[in-house]
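This report covers internal cavities and one helix-helix contact. The sequence and the structure come next.

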Amino acid sequence: MTTRPQNKKQSAVASTRSRDSVAHEANQIAWADLSWKPIAGDAKVTTGSRVTPVSKQFDDIYFSGRGIDETQHVFIDGNNIRQRFAQGNSFVIGETGFGTGLNFLAALETWQAASKPVQAHLDYVACEQSPLRPEDIRRTFQHLPNLKANVEALIDLQPPLTPGFHRLPFLDNVTLTLIYGDVRSALAEIEAKVDAWFLDGFSPSRNPDMWCPEVFQQMARLSNRNTTVATFTVAGLVRRGLTDNGFDVKKTPGFGRKREMLVGQFLPQKTALPDESSHFPRERKPWFARSTALKTAPDKEPLRLAIIGGGIAGASLAHAVRRRGGIPTIIDRDGLAAGASGNKGGLIMPRLDIGADAVAYFFRQAYIHCLRTIDNLTLETSHDFFNRCGVKLLASDKDEVKKFEKLLSEKTLPTDWMTQQGNDLFFPQAGVVDPKKYVHALASHTRVTNECVSSVIPGRDNIKPEVMFTSGNTEQFDAVIIANGAGDIFTVLQGIPFTNVDGQLDYFAKASPPEPAIAAGPYAAPAPGGGLLVGATYMKAEQGVAPTVSLEASKTNIEKLREIDLQIAKDLNAEDSAPRAATRRQTPDRLPTVGAIPNWDAYERDYDGLRHGQRKQYTIGRPLRGLYVMSGLGSRGLVTAPLCADILISEIMGAPSPVAQNVRHGLHPARFFIRQLKRQER
C-alpha cells in the first residue's frame with residue numbers, strides 16, 4: 001500500500017470522497033461489537049476481574065495491560081503533554097480513534113493535575129466509528145477505580161448514535177468534540193488547529209483505512225508549525241505517510257513488549273512539496289473561511305466581548321463566552337428576554353429533514369446540543385425551567401406519512417429519541433421551556449447594560465472595535481457581536497437579506513393542555529406553571545412598527561388548532577386568551593446567519609471573477625475587523641441558539657468548531673452575496 005497519490009486527478013477524487021462522505025454518509029452508527037480477553041500475566045485473571053476489550057470487527061485489542069501506563073508512555077510523554085499544559089492558555093489534542101476513551105481520560109487526568117493559567121482551556125477532538133456501550137466502558141475501567149468519577153462523567157455525556165459532530169462540555173475548562181463516523185471523512189470536515197496528535201487505532205495491518213494517505217493529509221492541514229504527533233506503531237506506511245506530509249518523525253523506545261514507537265513534529269519546511277501539492281488541501285471555499293482568531297496571552301486580561309441583544313441569541317453567546325474564559329457584556333435597551341424570548345413558553349423539538357446534507361445535520365445537531373445545554377444549565381443553576389413532556393408531531397396528509405416513514409427508516413434519530421405512534425412521530429426528549437428562565441440561566445453572571453446602540457465601528461490597526469450609544473457614549477471591546485432578533489438593521493449587515501416576521505402566541509390559563517404537546521405547524525402545549533399555549537401566527541412585519549396583539553390573531557390560532565385537535569379547540573374562546581406578540585428575524589433559506597461580518601467592498605472586488613465563472617485560487621475572505629453577527633434564527637431560536645453560539649465563539653477564540661465545515665459554510669454571513677454573484681454568471 002503506497003502513501004503517495006499516483007497523480008493529481010487521483011488525489012482530487014480521494015479528496016472529494018473524503019470531504020463529501022460526512023454529508024452523504026448513511027445514518028449508520030452502531031455500538032462496537034466486543035469480546036473480552038484476560039490480561040496476560042495478571043494474577044487476578046482467575047477472578048475474571050481484569051480483562052481487555054477486543055474488537056470482533058478487527059480482531060484486535062483496544063489496549064494491553066493496564067492500558068493507562070501505555071497511554072501515559074506513548075501519548076502523554078510522547079507529546080510532552082505535562083510540560084506543554086503549563087505553558088499556554090489553550091491546548092488542542094486531536095485523536096484519530098477514540099475507542100474506549102482511555103487516551104482522553106489520561107489526558108484529562110494530566111490536565112487536572114497540571115499547574116496552568118486560570119484561563120487555560122483544553123479541547124479534545126476525536127473520531128470514532130463504533131462507540132462502546134456504557135456498560136462496556138464501565139467494564140473496561142473497573143480495575144482503575146481512580147478514574148471512576150471521570151468515567152461516569154464520560155458515560156453521562158455520551159451522545160446518541162447519530163453521525164457527525166457532538167460537542168460535549170466535560171468540565172468548565174475542558175471540551176470534548178466527539179465525531180461519530182469514518183475518520184477520513186471526519187478529519188476532512190474538522191476546523192481546528194491541533195497542538196498534539198494521538199495517532200491511535202487498531203493495527204495498520206488490521207485497519208488500513210485509519211492509516212491511509214487522506215488521514216495524513218488532513219493531519220497536515222489541521223496542524224500548527226511544531227505540532228507534535230505520537231503513535232504506538234512504527235509501520236513503514238505510517239512513517240512514510242507522516243514524513244510525506246511534513247512531519248519530522250523518529251523512533252523512540254516503545255512500551256512493554258513493543259520495542260519502538262514513533263514521535264514527531266510538523267515541520268513542513270523540511271519537505272520539498274510544490275505549492276500545488278495535494279498533500280496540503282487548500283481552503284475549499286475561501287469566501288467562507290474562518291476569521292482570524294482573537295488570542296490573549298496567559299498573563300493578559302481575558303477577552304472582552306460586546307453582545308448586542310438580550311434574547312436567546314445574546315444569552316447563548318454570553319454562556320459560550322464565559323465557558324471559554326472571556327468576559328461578555330450584553331447590551332440591550334430593554335434588558336433580557338424582552339422580545340420573542342420573553343414568551344410564556346416555547347417548544348423544544350427537532351426539525352428533521354430527509355437525507356444527510358448540511359442542513360439536515362445542522363438542525364439535528366442543534367436539537368441534541370440544545371437538550372444537553374438545558375440539562376447542564378439545570379444542574380448548574382438548580383432551576384427547573386424545562387418540562388420534558390414529549391412532543392407528538394402529527395402527520396397532516398399522506399405525503400407527510402411517507403416522509404415520517406422515511407425518517408424512521410433512515411434512523412434520522414435513534415429509536416429511543418424518535419418513535420412511531422400510528423402515523424405520527426413522538427419525541428420523548430422534547431418538551432416546553434420557560435424562555436425567560438432559560439435566557440436568564442444562560443446569561444447568569446453576565447453584565448447587562450440597558451443602553452441603545454446607534455452604530456458599531458470595526459477595529460483598525462491597533463484600535464479595537466467600538467460600540468456607539470445614542471447617549472453619545474462609546475466603549476471599546478475586543479469583539480462586537482450583533483445578535484438582536486428584530487431591532488435596527490446595522491449598515492454593516494447590508495449584504496444579508498434579513499426579513500422580520502411578527503407572530504402571536506395565545507395563553508389560556510384555565511384550559512387543560514395536552515400531554516404530550518402536539519404540533520403540526522400550529523401547536524398546543526402545556527404552559528410553564530399550568531395552562532395551555534397555542535401558537536403561533538406568522539405575518540410579515542412592517543418596518544419600524546412594533547408588533548401588536550389582536551383578537552383576530554387569537555381566533556386564527558384557535559381555528560388552526562381546531563384542524564389538528566378539535567377536542568382541545570372546541571372549548572377555547574379568543575376573549576379568554578392572554579396573547580403576546582413578538583417579532584422574529586429570518587433569512588430566505590430559513591437558516592441562521594453566524595460568523596464574521598464580511599468587508600462587502602473587499603468581497604465585491606476579490607470575488608468579482610465568480611460573476612464570469614473564473615476558476616482560480618481566490619484569496620481568503622476579508623471580514624470587518626472584530627465585528628460578528630448571529631441573527632436570523634427565526635422561530636427555532638430556542639433550539640438553534642446554543643449551537644450557533646458555540647460555533648461563533650469557537651471561531652472568535654480559535655477553538656475547534658463544533659460542526660462540520662460544510663455546516664458552518666451554510667450559515668456564513670456571505671452566503672447570499674456569493675450566491676448572487678454566481679447567479680449573475682449563470
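The largest cavity in this predicted model has a volume of about 100 Å³. Its lining is made up of 14 residues, and those closest to the centre are Phe 98, Ile 137, Gln 158, Leu 178 and Tyr 180. Helix α6 (148–157) and strand β7 (174–180) each contribute at least two lining residues. In total, the structure holds 5 cavities of 30 Å³ or more.

The second largest cavity has a volume of about 60 Å³. Phe 165, His 166, Arg 167, Gln 365, Ile 368, His 369, Arg 372, Leu 643 and Pro 658 line this space. Two or more of these residues come from each of β6 (164–171) and α11, and α11 gives the most, with 4 residues.

The table lists residue classes for the two linings and for the contact of α11 with α17.

| Site | Nonpolar | Polar | Charged |
|---|---|---|---|
| Lining of the largest cavity | 10 residues | 3 residues | 1 residue |
| Lining of the second largest cavity | 4 residues | 3 residues | 2 residues |
| Contact of α11 with α17 | 10 residues | 4 residues | 1 residue |

Helix α11 (residues 358–381) packs against helix α17 (residues 637–653) at an angle of about 90°, and their axes lie 7 Å apart. Angles of 65 to 115 degrees count as roughly perpendicular, and α11 and α17 are therefore roughly perpendicular to each other. On the α11 side, the contact involves Phe 362, Phe 363, Gln 365, Ala 366, Tyr 367, His 369, Cys 370 and Thr 373. On the α17 side are Leu 638, Val 639, Thr 640, Pro 642, Leu 643, Cys 644 and Asp 646. Gln 365, His 369 and Leu 643 take part in this contact and also line the second largest cavity.

Key. Residues numbered from 1 in each chain as written. Predicted model: local features only at pLDDT ≥ 70, side-chain atom pairs only at ≥ 80, totals over all residues. Heavy atoms only, no water. Axes fitted to C-alpha atoms, helices over the stretch in contact; angles between N-to-C directions. Parallel < 35°, antiparallel > 145°, perpendicular 65-115°, else oblique. Contact = heavy atoms within 4.5 Å. Nonpolar A, V, L, I, M, F, W, Y, C, P; charged D, E, K, R; others polar. 1 Å grid on protein atoms, 1.4 Å probe; cavity = no way out; pocket = protein on both sides within 12 Å on 5 of 7 lines; lining within 4 Å. Points joined across faces, edges and corners; volume = space filled by probe spheres on them.
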